[in-house]
Amino acid sequence: MSDTEADAAALRCGVLVDGGRLAGAPRVDVLSAREVPLGGPRAMHVRRTLPQRERTLIGAWCFADHFGPHQVAALGGMDLPPHPHTGLQTVSWLFSGEFEHRDTLGTHAFIRPGEINLMTGGYGIAHSEVSTPDTTVIHGVQLWVALPEEHRNAARDFQHYVPERAQADGAEIRVFLGSLVGRTSPVRTFTPLLGAEIVIEPRATLTFAVDAAFEHGLLVDSGEIRLIDTLLQPAELGYVPRGADTLTMVNETDAPARTILLGGPPFEEEIIMWWNFIGRSHEDIVKAREDWEASSDRFGVIKDSPSGRLPAPALPNAVITPRRNPPTR
């Protein structure tokens, strides 16, 4: 996924129940999505919930795009030509459709529903993502993970994993990163993380244990979910600070509700995010852009790419400053 937007939306505080928060219940803040085009005259639009002005990261998760369901015939599909990344890992997870992935490791893979593709672009990598000709509907999420300072120049890597379904209290859970409900993903990350798709049956209630050292974010794809004491609508993300050792989710609709649960310990480092690069200083970003525009070996070459490279946008006429989370309340 390529970032084309630098602005961010605001935070809505958690909804109160019966005039006040339930006694002892963890706080839930609600992040509302904003619509962002990926570029081009028939640009596919995505709903972006991270980063926000009020919240840059949830654990090391620093970017969350939610898209679809898009009818390819009417709106066009995913068509992202080769573009670069530094200082991060990308996570692709689909609900429907299929993407073709190529990168400068020489990987040629496909992204299908219920399968995670995780790519590491530490010092530098480039990749392309294009929906396949047989895809009629595309629907899913694209996520980024910030690499910690000691690993932000990590070597290129690509991992693929198909998690098994776990059944729990009227819900179906696929754990694609970390551990939940007794299931653990083997996919390697550089900080502790949680990533899972949770589909809850109509009118069902699900309560499960989580790591109290983690902060969590629940992105709603479909349905209305009450997370603890806060109602979340589709495309909203509910944020729960660290300290909660259980989470309760209630599907308040007569149809299955689908969500993505993210988590991790608070990421204490300040990061610079601009376009597709994550660094620690303005100079890091300038150098990465220069290297990409110069076709440096830093990012490599995608063999047999059917399209040209995506040019970097112009840098702002100001020093790019770090993104910070709000102080812990």
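The legends below describe several views of a predicted model, beginning with the whole chain and moving on to single residues.

**View 1. The whole protein chain, with its 2 helices and 27 strands.** The radius of gyration of this chain is 19 Å, close to the 20 Å that the globule rule gives for 329 residues, so the chain is as compact as a globular protein of that length. Measured out along its principal axes, the C-alpha trace spans about 60 × 45 × 35 Å. Of the 329 residues, 55% count as buried, while the chain as a whole exposes about 13,500 Å², with carbon and sulfur atoms supplying 51% of that area. When contacts between residues at least 6 apart in sequence are considered, 72% of them join residues that are at least 24 apart.

**View 2. An open sheet of 4 strands, in the order β6-β11-β8-β9.** The pairing in this sheet is antiparallel. The edges are formed by β6 (79-85) and β9 (108-111), and each of these has a single partner strand, so one side of each is left without a neighbour in the sheet. On average, and with direction ignored, neighbouring strands of the sheet are turned by 20° against each other.

**View 3. The pairing of β6 with β11.** Strand β11 covers residues 125-131 and runs antiparallel to β6, to which it is joined by 5 bridges. To find a place where the two strands face each other, the reader can look for D79, which stands opposite V130 in β11.

**View 4. The side chains of R48 and D65, joined by a polar contact.** The contact between these two side chains is 2.6 Å. R48 lies in strand β4, and because its relative accessibility is 0%, where buried means under 20%, R48 counts as buried.

**View 5. Two cis peptide bonds, one before P51 and one before P69.** As background to this view and the next, most residues other than glycine have a negative phi, and most peptide bonds are trans. The bond that joins L50 and P51 is cis, with omega about 0°, and P51 is found in the loop between β4 (45-50) and β5 (61-71). A cis peptide bond also joins G68 and P69, again with omega about 0°, but here P69 lies within a strand, namely β5.

**View 6. I228, a residue with a positive phi that is not a glycine.** The phi of I228 is near 60°, and the residue is placed in the loop between β21 (225-227) and β22 (230-232). Is I228 buried or exposed? Its relative accessible area is 17%, and because buried means under 20%, I228 counts as buried.

**View 7. W275, where phi is positive although the residue is not a glycine.** Here phi is about 50°, and W275 has its place in the loop between β26 (272-274) and β27 (277-279). With a relative accessible area of 7%, W275 is buried, and the reader may therefore count this loop residue as buried under the cut-off of 20%.

How values were computed:
Residues are numbered from 1 along each chain as its sequence is written. This is a predicted model: local features need pLDDT of at least 70, side-chain atom pairs count only at pLDDT 80 or more; totals for chains, interfaces and linings use all residues. Side-chain values use heavy atoms; hydrogens and water are left out. Buried means under 20% relative accessible area, exposed over 50%, partly exposed in between (1.4 Å probe, protein chains only). A polar contact is a pair of N or O atoms within 3.5 Å; within protein, one must be able to donate a hydrogen and the other to accept it, and residues adjacent in sequence count only if both atoms are side-chain atoms. Two strands pair if DSSP finds at least two bridges between them. Axes are lines fitted to C-alpha atoms, for helices over the stretch in contact, and angles run from 0 to 180 degrees between N-to-C directions. The radius of gyration is taken over C-alpha atoms; the globule rule is 2.2 Å times the number of residues to the power 0.38. Contact means heavy atoms within 4.5 Å. Accessible areas come from the Shrake-Rupley method with a 1.4 Å probe; for residues, only the protein chains shown count as cover.
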